[in-house]
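These are my notes from going through the structure, kept in the order in which I looked things up.

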Amino acid sequence: MTATPANRKVDALLWLAGGKSNREAAEAAGVTAGTVAAWKRQPTFAAELAAVKALYEERPQDGRAIVDRLQEAKERLSPLTPKVVAGGTFRVRVNIPAGASARQREQLAARAIARGLRAVREAES
């Protein structure tokens, strides 16, 4: 797989679901073991790992099902991308941590909008 964050996470998911250690998964994904440990603490990653692990344990010989499930995981683990809607406007989704101040919320929203604008411009070119 390529070195995008979502692909690295999917690489780690596959190794972890197969019973490998954080270190082995990290080597396969091209990240540190600490990064894999941090991913495992994220609710979305943890849920994807549990689902892939359950499928792997249930049907270890069904490679197609595992690959399909990993593709679904990749989509859920990918950074949020803007969705262009009618009239040339777009929607972005902003993850705001609990306890964020009003200033932090504004900064996170501004960054998400800027990323969305860049993505829309790239898609148009």
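How many residues does helix 4 have, and how far does helix 4 reach from its first C-alpha to its last? I am working from a predicted model, and in it I find 16 residues in helix 4 and a reach of 22 Å, close to the 22 Å expected at 1.5 Å a residue.

**Entry 1: the faces of helix 4.** I looked up which residues of helix 4 are buried and noted F45, E48, L49, V52 and L55. Seen down the axis of helix 4, these buried residues fall within an arc of 135°, so they line one face of the helix. On the face turned away from that buried side I noted the exposed residues P43, E57 and E58. I then asked what covers the buried residues of helix 4, and the cover includes helix 1, helix 3 and helix 5.

**Entry 2: helix 2.** Here I listed the buried residues as A25, A26 and A29. They lie on the same side of helix 2, because the arc they cover around the axis is only 100°. Helix 1 and helix 3 are among what covers these buried residues. I also noted that G30, just after helix 2, takes a positive phi of about 75°.

**Entry 3: the nonpolar core.** The largest nonpolar core has 19 residues, and those with the most contacts inside it are A12, L13, L16, V36, F45 and L70. Helix 1 (5-17), helix 2, helix 3 (33-41), helix 4 and helix 5 each supply at least two residues of this core. I followed L13 further and, leaving aside its neighbours within four places in sequence, found it in contact with F45, E48, L49, L70, A73 and L77.

**Entry 4: aromatic rings.** My count of aromatic pairs comes to one. The pair is formed by W39 and F45, and it is tilted, with 5.8 Å centre to centre and 40° between the planes. Are the two partners buried or exposed? W39 counts as buried at 9% relative accessibility, and F45 is buried with a relative accessible area of 0%.

**Entry 5: salt bridges.** My count of salt bridges comes to four, and I wrote up three of them, including R23 with E27, whose side chains meet at 3.1 Å, N to O. R23 and E27 are four residues apart in helix 2 (residues 22-29), which means that about one helical turn separates them. E27 is exposed, with a relative accessible area of 57%.

In helix 5, R64 forms a salt bridge with D68, and the closest N and O atoms are 2.9 Å apart. Because R64 and D68 are four residues apart in that helix, they too are separated by about one helical turn. R64 counts as exposed at 56% relative accessibility, whereas D68 is partly exposed with a relative accessible area of 35%. As a reminder to myself, an α-helix has 3.6 residues a turn, so residues three or four places apart point the same way.

The side chains of R69 and E48 also meet in a salt bridge, at 2.8 Å, N to O. This pair links distant parts of the chain, with R69 in helix 5 (residues 63-77) and E48 in helix 4 (residues 43-58), 21 residues apart. I checked both partners for burial: R69 is buried with a relative accessible area of 16%, and E48 is buried with a relative accessible area of 5%.

Conventions
Residues numbered from 1 in each chain as written. Predicted model: local features only at pLDDT ≥ 70, side-chain atom pairs only at ≥ 80, totals over all residues. Heavy atoms only, no water. Phe/Tyr/Trp six-rings, centres within 6.5 Å; stacked < 30°, edge-to-face > 60°. Buried < 20%, exposed > 50% of the residue type's maximum accessible area, 1.4 Å probe, protein only. Core = buried A, V, L, I, M, F, W, Y, C linked by side-chain atoms within 4.5 Å. Contact = heavy atoms within 4.5 Å. Arc of directions from axis to C-beta. Expected span 1.5 Å × (residues − 1).
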